[in-house]
Amino acid sequence: MHTSLVRIQNAFGFFTTVCFVVAAFIAASDLITPRAPSGTIKTTNVQVVRGRPHYYSTKKEEYAILKFSLDADLSSLFTWNTKQVFVYVTAEWPSAGGSSTNATNQAVIWDSIITSPSADHLQNIGPAAMKKLVKSAAGKSIDPSRGKLSLKNQKPKYQITHPTGKIASTEDVALRLHYNVQPWVGLLTWNQERDIGLWSKMKDGVSKKFALPAIKKKEEEKKKAGNKS
């Protein structure tokens, strides 16, 4: 007869096999759920300032502040296996001189984490905001409406800088919307460059190209006057 230890090992092996198979089916279920994310984004205000972009900056440099408006529908990314969706906006522009090692500069200016109702407890927000969030999703296991974003003249969370300290008069800058789906079970998925099965690539999601303005002459004149004095 089998010993108790062998029986426990067999039971544990069977249990883990069942869990693995169930997890595989759950992860595969995302592949048969259509995705059709879309979004429109545009700049509303563009400024370039010379100063210290961060409290820990040791020297003054040029940095850009980009305000934007965003209307996005990411509701199709939310399924019963979705834990949370990380949404972020980047500013992108070509490297000076056409460098082949870093053809495109990219900087995040805004981000947000959108949780499913089952993952609300993971949000890092205050008690009042948490209570309101939980109340809005009462009785729901999925809330696709959370994937609909409408931001008007949104302030950026992060400023744009460059290792050279120079960012003014940069041309061909564009804002781009990105997402990262984090499931309970399965692989992380990001923006797609093309359609894959029932998953469609992001519709629009890129602003028109624009140029960063030069530093205002008044600021330069003040600086010269200060040097003379």
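Which residues make a nonpolar surface patch of about 280 Å² here? Hello everyone, let me start with that one. The residues are Phe14, Val18 and Val22. Please keep in mind as I talk that this is a predicted model.

Let's stay with Phe14 for a moment. Phenylalanine 14 sits in helix H1, which covers residues 4-29. Is that side chain buried or exposed? Phenylalanine 14 counts as exposed because its relative accessible area is 60%, and the cut-off for exposed is over 50%.

Now to charge. There is a patch of positive charge on the surface too, and the residues gathered in it are Arg50, Arg52, Lys60 and Lys166. If you want to find one of them on the screen, try Lys60: lysine 60 lies in the loop that runs between strand S1 (38-51) and strand S2 (61-73).

Those two strands bring me to the sheets. S1 and S2 belong to an open sheet of four strands, ordered S5-S2-S1-S8, and the pairing in that sheet is mixed. At its edges are strand S5 (148-154) and strand S8 (203-204), each of which pairs on one side only.

How many bridges hold the pairing of S1 and S2? There are 13, and the two strands run antiparallel. Two places to look along that pairing: valine 46 is opposite leucine 66 in S2, and glycine 39 has alanine 72 in S2 as its bridge partner.

Glycine 39 is worth a second look, since we meet this residue again on the S8 side. There, glycine 39 stands opposite aspartate 204 in S8. S1 and S8 run parallel, with two bridges joining them.

While we are talking about strands, a general reminder for anyone tracing side chains: in a regular strand they alternate between the two faces of the sheet.

On to another sheet. This one is also open and has four strands, in the order S4-S3-S6-S7, with antiparallel pairing. Which strands form the edges? They are strand S4 (104-115) and strand S7 (189-190), and each pairs on one side only.

Within that sheet, strand S3, residues 82-94, pairs with S4 in the antiparallel sense over eleven bridges. A handy landmark in that pairing is tyrosine 88, whose bridge partner in S4 is aspartate 111.

To come back to where I began: when you rotate the model, look for Phe14, Val18 and Val22 as the nonpolar patch, and for Arg50, Arg52, Lys60 and Lys166 as the positive one. Thanks for listening!

Note on methods
Residues numbered from 1 in each chain as written. Predicted model: local features only at pLDDT ≥ 70, side-chain atom pairs only at ≥ 80, totals over all residues. Heavy atoms only, no water. Patch = residues over 30% accessible without salt bridge, like charges linked within 9 Å, V, L, I, M, F, W, Y side chains within 5 Å. Areas by Shrake-Rupley, 256 points an atom, 1.4 Å probe, with all protein chains shown as cover. Salt bridge = Lys/Arg side-chain N within 4 Å of Asp/Glu carboxyl O. Buried < 20%, exposed > 50% of the residue type's maximum accessible area, 1.4 Å probe, protein only. Lys, Arg positive; Asp, Glu negative; His and termini not counted. Charge placed at Lys NZ, Arg CZ, Asp CG, Glu CD. Pairing = 2+ DSSP bridges.
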